[in-house]
Amino acid sequence: MAESGGPPVGLVLGSALEPERLTRAAQLGEQRGFSELWVPEDYFFTGGISGATAALASTGSIPVGLGIVSAMVRHPAVLAMELATMSRMFPGRIMPGVGLGVPGWLRQMGLYPKSQLTAMRECITSVRELVGGGELTRE
C-alpha cells in the first residue's frame with residue numbers, strides 16, 4: 001500500500017457489497033492505507049455514481065474511482081453534470097472511468113451501438129466539453 005513505500009494499491013468496493021456496508025468499507029480502506037478506492041457501476045446490481053459519492057462523503061482524502069460507467073447508458077450531459085457536481089464537492093478526489101459497457105447488458109437494454117469507437121468518442125468528447133464549461137449543439 002502507499003504508506004508502506006511500495007507501489008500504490010487500490011481497493012475495489014465490488015457490486016457484491018451491500019450499499020449499507022459501502023461507507024464503512026470505504027472508511028476501512030482509507031484507514032488501512034489503500035491508495036484509492038474504486039466503485040463499479042454494474043447494471044442490474046449497484047449504482048456507481050451514488051456509491052462513489054457515498055464513499056467520498058464518508059472518507060477524508062482518499063481518491064475514489066468510478067468505474068466503469070457506460071457511455072451508452074449514461075447520457076453525456078447527465079454524466080457531465082454528475083461528475084462536475086462530484087468534483088466540486090470533493091475537489092481532486094474523483095477519478096471517472098467511462099467505457100462502453102458489458103455487451104450483453106447493453107443488448108439487454110437495447111443500447112448496443114452500431115460503432116463502439118464512435119459511441120465512445122462522442123461520449124468522451126461531449127463530457128469533456130461540458131465539464132470544461134462548453135456548450136454542445138450537436139445531436
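Which residue lies over the face of Tyr112? In this predicted model, the residue is Arg107, at 4.1 Å from the ring centre of Tyr112.

Let's turn from that contact to the aromatic rings. A pair of aromatic rings is described by the distance of the centres and the angle of the planes. The count of aromatic pairs here comes to two, and the table sets them out.

| Aromatic pair | Centre to centre | Between the planes | Arrangement |
|---|---|---|---|
| Phe44 and Trp105 | 6.2 Å | 90 degrees | edge-to-face |
| Phe45 and Trp105 | 6.1 Å | 50 degrees | tilted |

Where do these partners sit along the chain? Phe44 is found in the loop between strand 2 (36-39) and helix 2 (48-58), while Trp105 belongs to helix 4 (residues 103-108). With their positions 61 residues apart, Phe44 and Trp105 link distant parts of the chain. Phe45, in the loop between strand 2 and helix 2, likewise forms a link between distant parts of the chain with Trp105 in helix 4, and these two are 60 residues apart. Ring pairs thus join Phe44, Phe45 and Trp105 into a cluster.

How accessible are the members of this cluster? Phe44 has a relative accessibility of 51%, so it counts as exposed. Phe45 is exposed as well, because its relative accessible area is 58% and the exposed class covers values over 50%. Trp105, the partner in the Phe44 pair and in the Phe45 pair, has a relative accessible area of 22% and is therefore partly exposed.

Methods:
Residues numbered from 1 in each chain as written. Predicted model: local features only at pLDDT ≥ 70, side-chain atom pairs only at ≥ 80, totals over all residues. Heavy atoms only, no water. Phe/Tyr/Trp six-rings, centres within 6.5 Å; stacked < 30°, edge-to-face > 60°. Helix = DSSP H or I, 4+ residues; strand = E, 2+ residues; numbered from the N terminus. Buried < 20%, exposed > 50% of the residue type's maximum accessible area, 1.4 Å probe, protein only. Lys NZ or Arg CZ within 6 Å of the ring centre and 35° of its normal.
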